[in-house]
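Hi everyone, thanks for making room for me today. I'd like to walk you through a structure that is probably new to you, so have a look at it while I talk.

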Amino acid sequence: MDTNYSENNQLVLVGKVTSDKRFSHEIYGEKFYIFDLSVPRLSGNADIIPITISERLLIEEGLEIGKNVIIEGQFRSYNSYENERNKLVLTVFAKEIKFANEEDEEFKPSKENVSNEVTLTGYICKKPIYRKTPFGREIADLLLAVNRAYNKSDYIPCIAWGRNARFCENVPVGTEVRIVGRVQSRQYEKKYEDGSSEIKVAYEVSIASLEVIDQAGNTSEVEELQENKEAI
């Protein structure tokens with residue numbers, strides 16, 4: 001069966017550049033850079049998302065802080081070895097970039113104008129963890145393996161809410177699912193054995209809808225969450 005891997009992982013972000021680009025890596029003479037993109041939520045908050053981009057996409061127009069851009073690409077992961085431990089690093093890989101003015105309607109966030117949407121098709125590769133927050137909100141943490149070309153996979157942390165969270169608690173490892181959601185950034189405090197702590201940032205997909213795909217390729221939608229200020 002032929003697989004179109006580009007359809008397994010699709011993403012669109014609309015936001016504002018908030019950092020200078022910094023060198024990331026080079027492959028076959030092609031340089032890649034990383035910059036930070038501020039993506040607004042309807043609640044008035046914003047997610048700060050790292051974007052990896054090829055120098056080839058920046059030939060016609062430079063990347064400046066404050067510029068408004070639309071990014072089309074994929075949410076990817078790779079392993080970074082540091083402090084004798086492997087660390088899962090997440091980034092948005094840009095395949096297209098469009099520059100525009102702030103007055104353009106497509107840069108004004110609204111329920112009709114989605115500024116942050118990612119669609120992933122992959123496999124549950126770790127038993128989902130169901131929990132409740134101190135305020136009683138139901139949450140399930142998932143790790144999704146999304147196939148990429150050349151026998152590679154991206155491992156994407158996802159978070160489900162409410163009824164979706166209760167459903168995901170019992171989804172077997174290896175189940176193929178399709179999710180639609182948004183990329184979010186979240187600060188947390190990392191505590192170390194010596195008593196010190198550090199503020200870090202985690203990136204994940206907040207799930208808006210989830211479908212289970214059976215072996216015949218059919219889908220069965222679990223639920224589409226109602227948007228609210230906490231989830232947007």
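I'll start with the overall picture, then go through some strands, and finish with the cysteines and a couple of loops.

A word on ground rules. What you see is a predicted model, so local features need pLDDT of at least 70, side-chain atom pairs count only at pLDDT 80 or more, and totals for chains, interfaces and linings use all residues. Residues are numbered from 1 along each chain as its sequence is written, and side-chain values use heavy atoms, with hydrogens and water left out.

Okay, the overall picture. The chain has two helices and 13 strands. When I say helix or strand, I mean DSSP runs numbered from the N terminus: H or I with at least four residues for helices, E with at least two for strands. Of the 232 residues in the chain, 40% are buried. Buried here is under 20% relative accessible area, exposed is over 50%, and partly exposed is in between, with a 1.4 Å probe and protein chains only. The chain exposes about 14000 Å², and carbon and sulfur atoms supply 45% of that. Those areas come from the Shrake-Rupley method with a 1.4 Å probe, and for residues only the protein chains shown count as cover. And if you take contacts between residues at least 6 apart in sequence, 58% of them join residues at least 24 apart; a contact means heavy atoms within 4.5 Å.

Now find strand β7, residues 116–124. Why do I call it largely enclosed by the rest of the structure? Because seven of its nine residues are buried. So who are its partners? I'll say two strands pair if DSSP finds at least two bridges between them. Strand β1, residues 9–17, runs antiparallel to β7 and is joined to it by five bridges, with Leu11 opposite Val118. Strand β11, residues 176–191, is also antiparallel to β7, through six bridges, and there Leu120 has Ile179 as its bridge partner. Then there is strand β9, residues 138–148, antiparallel to β7 with two bridges; here Tyr123 is matched with Ala145. One thing to keep in mind as you look at strands: in a regular strand the side chains alternate between the two faces of the sheet.

Let's follow β11 onward. It pairs with strand β12, residues 197–213, in the antiparallel sense over 16 bridges. Tyr188 stands opposite Lys200 in that pairing. The two strands form a hairpin with five residues between them, and Gly195 in the turn has a positive phi of about 95°. β12 has another partner to mention, β10: those two pair in the parallel sense over two bridges, with Cys158 opposite Val205.

While we're on β10, which covers residues 152–161, look at Asp154. Is Asp154 buried or exposed? It's buried, with a relative accessible area of 1%. Its side chain reaches the backbone nitrogen of Ser77 at 3.0 Å. Leaving aside neighbours within four places in sequence, Asp154 is in contact with several residues, including Asn9, Phe75, Leu144 and Arg148.

On to the cysteines. How many disulfides does the structure hold? Zero, where a disulfide is a pair of cysteine sulfur atoms within 2.5 Å. For Cys125, the closest cysteine sulfur is in Cys158, 9.4 Å away, so that's too far for a bond. Cys168 also has Cys158 as the closest, at 9.1 Å, again too far for a bond. As for their surroundings, Cys125 is partly exposed at 31% relative accessible area, whereas Cys168 is buried at 1%.

Last stop, the loops. Tyr28 lies in the loop between β2, residues 22–27, and β3. Its phi is near 50°, a positive value in a residue other than glycine, and Tyr28 is exposed, with a relative accessible area of 84%. Then take Tyr150, in the loop between β9 and β10. Tyr150 has a positive phi of about 60° although it is not a glycine, and it is exposed at 76% relative accessible area.

And just past that first loop, strand β3, residues 30–40, contains Pro40. Pro40 is partly exposed, at 28% relative accessibility. The C-alpha atoms of Pro40 and Val14 are separated by 8.1 Å, with the two residues 26 apart along the chain.

That's my tour. Thanks for listening!

Definitions and conventions
Polar contact = N/O pair within 3.5 Å; in protein donor to acceptor, adjacent residues only side chain to side chain.
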